[in-house]
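Reader: I would like a close look at one part of this model. Please keep it brisk.

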Amino acid sequence: MAPPGSYLLPDGTSIGAQYSAMNWSVRNNVSNNNFTTGYLVIDGSNNNFLTNNDAANNGTYNYEIVGDSYRFGFLVPSTFDSHLTSFSYNSKSPRYSAQRQNRR
């Protein structure tokens, strides 16, 4: 039997966490071309910083910071006091061009 606050994956693995994500720093990542959301901030997470992450061409949203929701079949509380700073990663961006040149 799975412990309270967790749920079972199709393969029978029990997953879940006792506490929501707090004080995380998520930076310099790439999340492109996903079926739904690139970065999902949910489930009461708080005081997190998402900085300088690349997100593009995701199915629903590139970034989603969620209020109270039943999207997974049970209540997940609103996220709060999290901060998102996004920059452009298009090919004409000076920063992007410099990164591409450095990779050659």
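Which strands each supply at least two residues of the lining of the largest pocket?

Author: This is a predicted model. Three strands meet that mark: strand S1 (6–8), strand S2 (14–16) and strand S5 (37–41). S5 gives the largest share of the lining, three residues.

Start with the pocket itself. The largest pocket has a volume of about 640 Å³. Its lining has 23 residues, and the closest to the pocket centre are Ala21, Leu40, Ile42, Asp43 and Ser45. By class, the lining holds 15 nonpolar residues, seven polar ones and one charged one.

Asp43 deserves a second look. It is among the residues closest to the pocket centre. Asp43 sits in the loop between S5 and strand S6 (49–51). Its phi is positive, about 70 degrees, although Asp43 is not a glycine. Most residues other than glycine have a negative phi. Is Asp43 buried or exposed? Neither label fits: its relative accessibility is 35%, so Asp43 counts as partly exposed. Partly exposed covers the range between under 20%, which is buried, and over 50%, which is exposed.

Asn33 has a positive phi too, near 60 degrees, and it is a residue other than glycine. Asn33 is found in the loop between strand S4 (30–32) and S5. Its relative accessibility is 59%, so Asn33 counts as exposed. S5 therefore has a loop with a positive phi on either side: Asn33 is in the loop between S4 and S5, and Asp43 is in the loop between S5 and S6.

Now the setting. The chain has one helix and nine strands. Along the sequence the order is β-β-β-β-β-β-β-β-β-α. Of the contacts between residues at least 6 apart in sequence, 55% join residues at least 24 apart. Buried residues make up 24% of the 104 residues. The chain exposes about 7,600 Å², and carbon and sulfur atoms supply 52% of that area.

Last, confidence. The chain averages a pLDDT of 80, and 78% of the residues score at least 70. Residues 93–104 are another matter. There pLDDT stays under 50, and the model has 10 contacts beyond four places in sequence for that stretch.

Back to the part you asked about. S1, S2 and S5 each supply at least two lining residues, and S5 supplies the largest share. Asp43, in the loop between S5 and S6, is one of the residues closest to the pocket centre.

Key
Residues are numbered from 1 along each chain as its sequence is written. This is a predicted model: local features need pLDDT of at least 70, side-chain atom pairs count only at pLDDT 80 or more; totals for chains, interfaces and linings use all residues. Side-chain values use heavy atoms; hydrogens and water are left out. Helices (H or I, at least four residues) and strands (E, at least two) are DSSP runs, numbered from the N terminus. Buried means under 20% relative accessible area, exposed over 50%, partly exposed in between (1.4 Å probe, protein chains only). Contact means heavy atoms within 4.5 Å. Accessible areas come from the Shrake-Rupley method with a 1.4 Å probe; for residues, only the protein chains shown count as cover. On a 1 Å grid over the protein atoms alone, a cavity is a set of points where a 1.4 Å probe fits but cannot get out, and a pocket is an open set with protein on both sides within 12 Å along at least five of seven lines; lining residues have an atom within 4 Å of a point. Grid points are joined across faces, edges and corners, and a volume is the space filled by probe spheres set on the points. Ala, Val, Leu, Ile, Met, Phe, Trp, Tyr, Cys and Pro count as nonpolar, Asp, Glu, Lys and Arg as charged, and the others, Gly among them, as polar. pLDDT is the predictor's confidence in each residue, from 0 to 100.
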